[in-house]
There are 4 protein chains.
Amino acid sequence: MKADLGEVENLVALRDALREFSRARDWHHYHSPKNLAMAMIVEAGELVEHFQWLTPEQSASLPPEKLAEVKDEVADVLIYLVELADVLNIDLLCAAREKMQKNAIKYPAS
Amino acid sequence: MKADLGEVENLVALRDALREFSRARDWHHYHSPKNLAMAMIVEAGELVEHFQWLTPEQSASLPPEKLAEVKDEVADVLIYLVELADVLNIDLLCAAREKMQKNAIKYPAS
Amino acid sequence: MKADLGEVENLVALRDALREFSRARDWHHYHSPKNLAMAMIVEAGELVEHFQWLTPEQSASLPPEKLAEVKDEVADVLIYLVELADVLNIDLLCAAREKMQKNAIKYPAS
Amino acid sequence: MKADLGEVENLVALRDALREFSRARDWHHYHSPKNLAMAMIVEAGELVEHFQWLTPEQSASLPPEKLAEVKDEVADVLIYLVELADVLNIDLLCAAREKMQKNAIKYPAS
């Protein structure tokens, strides 16, 4: 990769690094929103797999090697989510802000 | 919400706003990693639903009202992913950088 | 529906009823394996949603109205799974038998 | 396994074989509805993975070795779905019939 990943310090930089990564591998023609949404939920499933037989308490105190695997899966979900938002021209943080405003109305704090 | 959502300009600020949101509603005791991983994949499913009967081409040219719905679902996945990473003490951008470095080795550009 | 659903007493009869249901609505051209797999996981997500904030114990003693909703979601997953297996010419029970034989070797009983 | 899997010719026999399989391995205490729903969607994700980069047309003409893998994943989803229905005392075929009756009203044939 030409991009210096050390410079990936925010979602926009991550998006740009992912664009370059896909372009360098000619993966763009696979990256329809439909396909990226599928890839994202597949990674979500791999993340869920780590927790399926754990008690809620166990899930909160993972051993280090398991946590490292979970970290990789969390990253995969984020990567596909950023790529999906990119092809749809959605600003992820803007979307999250707007959703939180809706949630604040839907679920008022007591 | 006390937090000014206009200030949510990066993932750390989003995490902080979500912490405050959950604390104000006393939702913390529901937020085990196990439960948050489930909530995340449920939202991922709602996102996938928008694309299930579309051709790849149709998925890339959503009408505005559909795109607005997809934006909300994308936000929901991000929100739960940030909350999950938070309770696991995972730095999302760090995780993404490390995963991209592994991917660069696994899938070398031609 | 022409088919008498009361006669749907096994998976083959369910498959046949679903074939007729789709044919009568001209839905066949949507039913690629790719699309049906997506529809199936979307329904799986709706099923998971019912359990996401429950303790394992609560999930085992659902109130009747919640159980009725869960029953509908379980049915939706089965329906899409049967339709997916059908378009792939997979015999579901045969597949399950073969998988259980592999599992019996992989996980020997103590 | 004591059970002769060759006799697993319907969903009830599959349920019984799975009960015996879990009992012989002392897995019952893991099998809350919450956990089984998670396991089911994880397998659903593994199934979706096979289709994520394929065109709809490609998904309908899988090479034999790929189809064999898909068959295993389809079986895994069915297995967890049967186990989930079992712990919830849901009759799968009854649930499917009732759902198809609702669908016939919701989506009348033209």
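Is D:Asp76 buried or exposed, going by its relative accessibility? In this predicted model, the residue counts as buried because its relative accessibility is 8%, and a residue is called buried when that value is under 20%. To see where D:Asp76 sits, it helps to begin with the chains that meet around it.

Chain C and chain D touch through 64 residues of chain C and 64 residues of chain D. The size of an interface is often given as the accessible area lost when the parts come together. For chain C and chain D this buried area is about 5400 Å², and carbon and sulfur atoms give 76% of it. Of the area that chain C buries against chain D, 13% is supplied by C:Lys34, C:Lys71 and C:Met100, which is more than any other three residues supply.

Charged and polar groups also meet across this interface, where there are six salt bridges between chain C and chain D, and where 18 residue pairs, both members at pLDDT 80 or more, are in polar contact. On the side of chain C that touches chain D, two or more residues come from each of helix H1 (11–25), helix H2 (33–49), helix H3 (56–59), helix H4 (64–87) and helix H5 (92–106) of chain C. The largest share belongs to H5(C), which gives 13 residues. Sorted by character, the residues on this side of chain C are 44 nonpolar, 10 polar and 10 charged.

We can now return to D:Asp76, whose side chain meets that of C:Lys99 in a salt bridge with an N to O distance of 2.7 Å. The pair crosses between chains, since D:Asp76 belongs to helix H4 (residues 64–87) of chain D and C:Lys99 to helix H5 of chain C. C:Lys99 counts as buried too, because its relative accessibility is 12%.

The other pair of chains can be read in the same order. Here 64 residues of chain A are in contact with 64 residues of chain B, and the two chains bury about 5400 Å² between them, with 76% of that area on carbon and sulfur atoms. A:Lys34, A:Lys71 and A:Met100 together supply 13% of the area that chain A buries against chain B, more than any other three residues.

Between chain A and chain B there are six salt bridges, and 18 residue pairs, both at pLDDT 80 or more, are in polar contact. Among the elements that each supply at least two residues to the side of chain A that touches chain B are helix H1 (11–24) and helix H4 (64–87) of chain A, while H5(A) gives the most, with 13 residues. This side of chain A divides into 44 nonpolar, 10 polar and 10 charged residues. One salt bridge here joins the side chains of A:Asp76 and B:Lys99, at 2.7 Å from N to O, and both A:Asp76 and B:Lys99 are buried.

Over all chains, the whole structure holds 20 salt bridges. One of them lies within chain D, where the side chains of D:Arg19 and D:Asp86 meet at 2.8 Å, N to O. Because D:Arg19 lies in helix H1 (residues 11–24) of chain D and D:Asp86 in helix H4 of chain D, this pair ties together parts that are 67 residues apart in sequence. As for their surroundings, D:Arg19 is partly exposed, with a relative accessible area of 37%, whereas D:Asp86 counts as buried at 18% relative accessibility.

Terms used
Residues numbered from 1 in each chain as written. Chains lettered and ligands numbered in written order. Predicted model: local features only at pLDDT ≥ 70, side-chain atom pairs only at ≥ 80, totals over all residues. Heavy atoms only, no water. Contact = heavy atoms within 4.5 Å. Buried area = accessible area lost by both parts, 1.4 Å probe. Salt bridge = Lys/Arg side-chain N within 4 Å of Asp/Glu carboxyl O. Polar contact = N/O pair within 3.5 Å; in protein donor to acceptor, adjacent residues only side chain to side chain. Helix = DSSP H or I, 4+ residues; strand = E, 2+ residues; numbered from the N terminus. Nonpolar A, V, L, I, M, F, W, Y, C, P; charged D, E, K, R; others polar. Buried < 20%, exposed > 50% of the residue type's maximum accessible area, 1.4 Å probe, protein only.
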